[in-house]
Amino acid sequence: IIAGPVAWPDVRVLAADHQPHGGSPAAAYAPFGGLALQVEGLVAVTDATTARVRISASETGRLSLDYTGLQPRNAAGRYAVSDGASQVTFHGCSQRPNGSRSSLFEGGFIVAGAQCARVDVYTGTSGRPIERRIAFGVRGGACRPAA
């Protein structure tokens, strides 16, 4: 998934991996004991760009970001959605080894329930976000484009 200078190279594949054998994709995303699944979402930020990734206010009860290395709340590796952040700012580096054009940031999404999650990416001085949808546990992995 690409949004301007920000990309999640593997998030579609990783979001689809959370499907129990022979079960419903949505079942893997159901909260268990009030705790949610974390889906890895490595972020690549091109060049020396500063970008802010934000979860819309209408989705913060079921989706958050974790790019700080939170510890899970139980042995099954689950988190409270409120443990994560509603927004994260990434600062791409101008100098990287091996001539790479992207700075990489490890982390991911804390997801409570199957959903087509809206993620807004802000870059530069523009007040308008680049909107993207990510399918977590949605059959076919497809979400309608953001309105």
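# Exercises on strands, cores and buried polar residues

Strand S6 and strand S9 (residues 108–111) run antiparallel and are joined by four bridges. Two strands are taken to pair if DSSP finds at least two bridges between them. Helices (H or I, at least four residues) and strands (E, at least two) are DSSP runs, numbered from the N terminus. The model is predicted, so local features need pLDDT of at least 70 and side-chain atom pairs count only at pLDDT 80 or more, whereas totals for chains, interfaces and linings use all residues. Residues are numbered from 1 along each chain as its sequence is written, and side-chain values use heavy atoms, with hydrogens and water left out.

## Exercise 1. Confidence and composition

Establish which element has the lowest mean pLDDT and which the highest, and describe the order of elements along the sequence.

*Solution.* Step 1: pLDDT is the predictor's confidence in each residue, from 0 to 100. The protein chain averages 86, and 88% of the residues score at least 70.

Step 2: Among the elements, helix H1 (residues 11–17) has the lowest mean, 75, and S6 has the highest, 97.

Step 3: There are two helices and 11 strands in the protein chain, and the pattern along the sequence is β-β-α-α-β-β-β-β-β-β-β-β-β.

## Exercise 2. Two open sheets

Give the strand order of the open sheet that contains S5, and name its edge strands.

*Solution.* Step 1: The order is S7-S5-S10-S11, with antiparallel pairing in an open sheet of four strands. Strand S7 (87–91) and strand S11 (130–136) are the edge strands, each pairing on one side only. From one strand to the next, the twist averages 25 degrees; axes are lines fitted to C-alpha atoms, for helices over the stretch in contact, and angles run from 0 to 180 degrees between N-to-C directions.

Step 2: Strand S5 (residues 50–55) is joined by five bridges to strand S10 (residues 115–123), where Thr 123 is the bridge partner of Ala 51. Five bridges also connect S5 to S7, and Thr 50 stands opposite His 91 there.

Step 3: A second open sheet of four strands has the order S1-S2-S4-S8, again with antiparallel pairing. Its edges are strand S1 (2–3) and strand S8 (102–105). Within this sheet, two bridges link strand S2 (residues 6–7) to strand S4 (residues 43–46), and Ala 7 is opposite Ala 44.

## Exercise 3. Nonpolar cores

Identify the residues that touch the most other members of the largest nonpolar core, and follow the contacts of Tyr 67.

*Solution.* Step 1: A nonpolar core is a set of buried Ala, Val, Leu, Ile, Met, Phe, Trp, Tyr and Cys residues joined through side-chain atoms within 4.5 Å. Buried means under 20% relative accessible area, exposed over 50%, and partly exposed in between (1.4 Å probe, protein chains only).

Step 2: The largest core has 27 residues, of which Trp 8, Tyr 29, Tyr 67, Phe 109 and Phe 136 touch the most other members.

Step 3: With neighbours within four places in sequence left aside, the contacts of Tyr 67 (heavy atoms within 4.5 Å) include Trp 8, Val 43, Val 88, Phe 90 and Phe 109. Another core lies apart from the largest one and has five residues, among them Ala 36, Val 81, Ile 110 and Ala 112.

## Exercise 4. Two buried polar residues

Is Ser 64 buried or exposed, and which backbone oxygen does its side chain reach?

*Solution.* Step 1: Ser 64 is found in strand S6. From this strand (residues 63–66), Leu 63 and Leu 65 point one way, Ser 64 and Asp 66 point the other way, and all are buried.

Step 2: Ser 64 counts as buried because its relative accessibility is 2%. Its side chain reaches the backbone oxygen of Val 81 at 2.8 Å. A polar contact is a pair of N or O atoms within 3.5 Å; within protein, one must be able to donate a hydrogen and the other to accept it, and residues adjacent in sequence count only if both atoms are side-chain atoms.

Determine the burial of Gln 115 and the polar contact of its side chain with another side chain.

*Solution.* Step 1: Gln 115 lies in strand S10 and is buried, with a relative accessible area of 3%.

Step 2: Its side chain makes a polar contact with that of Arg 62 (2.8 Å). A polar atom of the Gln 115 side chain also lies 3.0 Å from the backbone oxygen of Gly 113.
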